[in-house]
Amino acid sequence: MTLDLFDSVGGTEPREEDLGPGARVLRGFALPHDAALLSALQGITDASPFRHMETPGGFRMSVAMTSCGAWGWVTDRTGYRYAEVDPVPERPWPTMPMAFLQLAQSAAARAGFADFVPDSCLVNRYDTGAKMSLHQDKDERDFSAPIVSVSLGLPAVFLFGGEGRADKPLRVRLIHGDVVVWGGPARLRYHGVMPLKPGHHPQLGAHRINLTFRKAR
Ligand SMILES: O=C(O)CCC(=O)C(=O)O
Ligand SMILES: [Fe+2]
């Protein structure tokens, strides 16, 4: 019998998967830090609670969102943008916790992006059925910085497409602790999330939480 890198026997499955130049999945990268991330998240949502925002076209987003860091991402009838003030409590967004910043920086470095200094972390909460349509992250001013995306809670199917909306996306199952990093030639690739299947996660119950770190300005 021959074993190669892709045999799962004996725990030899690859822990990192390239999704093309500039894009990589780091399996389990956030796992050693999950308790610290979740306790820091509680502080964020106490100050800036999750809310379902409205798209410019008038649709209520199925994903509930909040942010931390100097800039938070918001959408309403006037458009998508980064804002320094959370419009719900009308206060600046919570500071980015050190545990968040360190994880984002080490994941970026691991994927080949040294010196990533995010100034924004968008926090997405998916309940059963919540999804995110294919989109590009392009409200940031500086596309030289990557996106670092951390999955916690229930598993989800992440869609990772090409530079055109019609390019057939890869389907990548992401579980608690997985991190995806895309930047450089992959920075503007379309991506999205399939509707969340019902389930129960020991730490997050019926939810999936996703943290996306960005350099907004
Ligand atoms: O939830 C995810 O895995 C992706 C989230 C995302 O693409 C975004 O917040 O822009
Ligand atoms: Fe995105």
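Biologist: At which residues does UniProt place the feature "binding site" in the unreviewed entry, beginning with the set that includes W73?

Modeller: The model is a predicted one, and the annotation comes from a record, so the two should be read side by side. For this set, the unreviewed UniProt entry gives W73, Y80, R81, Y82, D139 and R165 as "binding site". These residues are spread over 93 residues of sequence and also spread in space, with up to 23.0 Å between C-alpha atoms. From the set, W73, Y80, Y82, D139 and R165 belong to the lining of the largest pocket. W73 itself lies in strand β4, residues 72-76.

Biologist: What does UniProt list beside H135 under "binding site", and why can these residues be said to gather at one spot?

Modeller: The unreviewed entry names H135, D137 and H191. They span 57 residues in sequence, but no two of their C-alpha atoms are more than 8.6 Å apart, so they gather at one spot. H135, D137 and H191 are also part of the lining of the largest pocket. D137 is placed in the loop between β9 and β10 (147-153).

Biologist: Which residues make up the "binding site" set that includes N124, according to UniProt?

Modeller: The unreviewed entry lists N124, R125, Y126, R208, I209, N210, L211, T212, F213 and R214. Of this set, N124, Y126, R208, N210, T212 and R214 help to line the largest pocket. R208 is located in strand β15.

Biologist: Let us turn to the ligand. Where does ligand 1 sit?

Modeller: Ligand 1 occupies the largest pocket. Two or more residues of the shell around ligand 1 are supplied by each of β8 (120-126), β9 (132-135), β14 (191-193) and β15 (208-214). The largest share, 4 residues, is that of β15.

Biologist: Which residues of the shell come nearest to ligand 1, and how is the shell divided by residue type?

Modeller: A shell is read as the residues with a heavy atom within 4 Å of the ligand. There are 14 residues around ligand 1, and N124, Y126, H191, R208 and R214 come nearest. By type, the shell holds 5 nonpolar, 6 polar and 3 charged residues.

Biologist: How should one read the polar contacts, and what distance separates a polar side-chain atom of Y126 from an oxygen atom of ligand 1?

Modeller: The cut-off for a polar contact is a pair of N or O atoms within 3.5 Å. For Y126, a polar side-chain atom is 2.5 Å from an oxygen atom of ligand 1. In R208, a polar side-chain atom lies 2.9 Å from an oxygen atom of the ligand. The side chain of H191 has an N or O atom 3.0 Å from an oxygen atom of ligand 1.

Biologist: How much of the area that ligand 1 exposes when taken alone does the protein bury?

Modeller: Ligand 1 taken alone exposes 300 Å², and the protein buries 98% of that area.

Methods:
Residues numbered from 1 in each chain as written. Chains lettered and ligands numbered in written order. Predicted model: local features only at pLDDT ≥ 70, side-chain atom pairs only at ≥ 80, totals over all residues. Heavy atoms only, no water. Polar contact = N/O pair within 3.5 Å; in protein donor to acceptor, adjacent residues only side chain to side chain. Areas by Shrake-Rupley, 256 points an atom, 1.4 Å probe, with all protein chains shown as cover. 1 Å grid on protein atoms, 1.4 Å probe; cavity = no way out; pocket = protein on both sides within 12 Å on 5 of 7 lines; lining within 4 Å. Sits in = over half its atoms within 2 Å of the grid points. Nonpolar A, V, L, I, M, F, W, Y, C, P; charged D, E, K, R; others polar. UniProt positions renumbered as here; feature names shortened; annotations may be inferred.
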